[in-house]
Amino acid sequence: MSFVTHMACRGFATSAQRLTHIKQITVIGGGQMGAGIAQVAAQTGHDIVVVDQSEEILQKSQAIISKSLARVARKKHGEDTSDAAEFVNTTMSRIKMHTDPEEACKNTDLVIEAIVENLTIKQDLFSRLDKVAPPQAIFVSNTSSLAIDKIATATQRKDRFGGLHFFNPVPVMKLVEVVRIAETSDATFDALMHFASTLGKTPVKCKDTPGFIVNRLLVPYMMEAVRLLERGEASAWHIDTAMKLGASHPMGPFELLDHIGIDDIKENIDGWHADFPDQPLFNPSPLVDKLVSEGKLGIKSGEGFYTYEK
């Protein structure tokens with residue numbers, strides 16, 4: 001083997017080792033998203049610590065994961081109850097629960113934050129974790145609407161900071177948006193792309209722009225549908241029907257608003273409008289504001305643009 005070839009092989013080996021070092025993962029937030037992230041990571045052989053504020057929340061998180069794993073096991077192993085049980089038990093054995101985020105991060109390779117969409121709370125969390133996590137640990141946020149760079153400013157590791165935006169339900173949805181800020185190192189970004197692939201997901205690259213890719217296109221689309229309705233140009237049902245039959249969308253924009261949660265979309269658009277007040281695509285909607293003020297949030301409240309049986 002020539003010297004050049006030998007050195008190239010050494011380089012590839014070093015790169016592979018760097019990309020596969022993510023084994024210990026701390027997920028901050030045991031809600032639907034955090035539980036889903038923990039589940040898919042544990043299913044693919046990673047060791048997980050899920051962190052939340054109370055044992056009660058963590059018990060609910062365990063129940064969410066266990067119930068979801070049972071569905072996966074039935075699909076994976078059919079009538080073979082022994083293999084199904086072994087799959088569930090093995091996966092659950094990789095997941096630990098903790099109420100102390102600092103303690104849970106002391107030996108981690110990757111911290112995935114999946115808590116409330118509040119910039120101050122996220123910054124405070126990462127500032128505390130930055131002081132105790134290993135220097136080489138990578139920090140990511142699962143935010144769908146906040147700027148990754150603003151969250152990262154709370155740390156001294158912006159080169160090891162990025163975004164991993166999963167989609168709900170995490171065990172089902174194949175996409176992960178991998179987001180980098182200006183300071184994110186190539187090694188960090190490559191490691192995050194590789195990690196997302198090891199979860200069986202399809203990672204897409206994106207810079208730190210409002211809404212990243214999917215929500216940057218989807219939220220203004222839904223808001224434009226609301227403006228059509230506000231102007232009296234078409235009803236919600238007719239707009240939904242037009243987009244399903246004319247554009248082959250599985251759901252119309254108002255069905256989607258109700259499914260996601262009208263309050264969540266309002267939170268997104270209000271945040272973007274505050275940061276970019278001159279961008280008309282980010283203008284708030286009086287109708288959306290009215291529905292949220294009345295508690296009509298969509299499916300989760302029983303009424304939004306449509307009415308649902310609870």
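## Starting inside: Thr-188

Is Thr-188 buried or exposed? With a relative accessibility of 3%, Thr-188 counts as buried. Keep in mind that this is a predicted model. Thr-188 sits in helix 8, which covers residues 186-198. Once you set aside neighbours within four places in sequence, the residues in contact with Thr-188 are Ile-138, Asp-159, Arg-160 and Phe-161.

## The sheet

Now for the sheet. Eight strands make up an open sheet, in the order 3-2-1-4-5-6-7-8, and the pairing is mixed. From one strand to the next, the twist averages 25°. Which strands stand at the edges? They are strand 3 (95-98) and strand 8 (202-207); each has a single partner strand, so one side of each is left without a neighbour in the sheet.

Strand 1 (residues 24-28) pairs with strand 2 (residues 47-51) in the parallel sense, over five bridges. Strand 1 also pairs with strand 4 (residues 110-113), again in the parallel sense, over four bridges. Val-27 is a handy residue to follow here: Val-50 stands opposite it in strand 2, and Ile-112 is its bridge partner in strand 4. Thr-26, for its part, has Val-111 as its bridge partner in strand 4. Four of the five residues of strand 1 are buried, so the strand is largely enclosed by the rest of the structure.

Moving along, strand 4 pairs with strand 5 (residues 138-141), in the parallel sense and over four bridges. Val-111 has Phe-139 as its bridge partner in strand 5. In a regular strand, side chains alternate between the two faces of the sheet. Strand 4 has Leu-110 and Ile-112 pointing one way and Val-111 and Glu-113 pointing the other, and all are buried. Yes, that includes Glu-113.

## Two nonpolar cores

The largest nonpolar core has 38 residues. Those with the most contacts inside it are Ile-25, Ile-48, Leu-110, Leu-164, Phe-166, Val-178 and Phe-195. Helix 2 (residues 32-43) supplies the largest share of this core, namely seven residues. Apart from it there is another core, of 20 residues, including Leu-125, Ile-151, Phe-161 and Ile-181.

What does Ile-48 touch, not counting residues up to four places away in sequence? Its contacts are Ile-25, Val-27, Ala-38, Ala-41, Ala-42, Arg-94, Ile-95 and Lys-96.

## Helix 9 meets helix 11

Two packed helices are described by the angle between their axes and the distance between the axes. For helix 9 (residues 214-230) and helix 11 (residues 253-260), the axes come within 9 Å and cross at roughly 120°. The crossing is left-handed. On the helix 9 side, the contact is made by Leu-218, Tyr-221, Met-222, Ala-225, Val-226 and Leu-229; helix 11 brings in Pro-253, Phe-254, Leu-256, Leu-257 and Ile-260. Sort the residues of this contact by type and you get eleven nonpolar, no polar and no charged.

## Helix 12 and helix 6

Asn-268 is found in helix 12 (residues 262-275). With a relative accessible area of 6%, Asn-268 is buried. Leaving out neighbours within four places in sequence, Asn-268 is in contact with Ser-144, Ser-145, Asn-215 and Val-219.

Asp-124 lies in helix 6 (residues 119-130). Why does Asp-124 count as partly exposed? Its relative accessibility is 42%, and partly exposed is the class between under 20% and over 50%. Asp-124 and His-238 are 114 residues apart along the chain, and their C-alpha atoms are separated by 45 Å.

## Backbone oddities in the loops

Where is the cis peptide bond that involves Pro-169? It joins Asn-168 and Pro-169, with omega at about 0°. Pro-169 is in the loop between strand 6 (161-166) and strand 7 (175-180).

Phe-212 and Ser-248 are worth a look for their phi angles. Phe-212 is not a glycine, yet it has a positive phi of about 60°. Phe-212 lies in the loop between strand 8 and helix 9, and with a relative accessible area of 3% it is buried. Ser-248 is not a glycine either, and has a positive phi of about 60°. Ser-248 has its place in the loop between helix 10 (236-246) and helix 11. At 63% relative accessibility, Ser-248 counts as exposed.

Key:
Residues are numbered from 1 along each chain as its sequence is written. This is a predicted model: local features need pLDDT of at least 70, side-chain atom pairs count only at pLDDT 80 or more; totals for chains, interfaces and linings use all residues. Side-chain values use heavy atoms; hydrogens and water are left out. Axes are lines fitted to C-alpha atoms, for helices over the stretch in contact, and angles run from 0 to 180 degrees between N-to-C directions. Helices (H or I, at least four residues) and strands (E, at least two) are DSSP runs, numbered from the N terminus. A crossing is left-handed if the near helix is turned anticlockwise from the far one by less than a right angle, and right-handed if clockwise. Contact means heavy atoms within 4.5 Å. Ala, Val, Leu, Ile, Met, Phe, Trp, Tyr, Cys and Pro count as nonpolar, Asp, Glu, Lys and Arg as charged, and the others, Gly among them, as polar. A nonpolar core is a set of buried Ala, Val, Leu, Ile, Met, Phe, Trp, Tyr and Cys residues joined through side-chain atoms within 4.5 Å. Buried means under 20% relative accessible area, exposed over 50%, partly exposed in between (1.4 Å probe, protein chains only). Two strands pair if DSSP finds at least two bridges between them.
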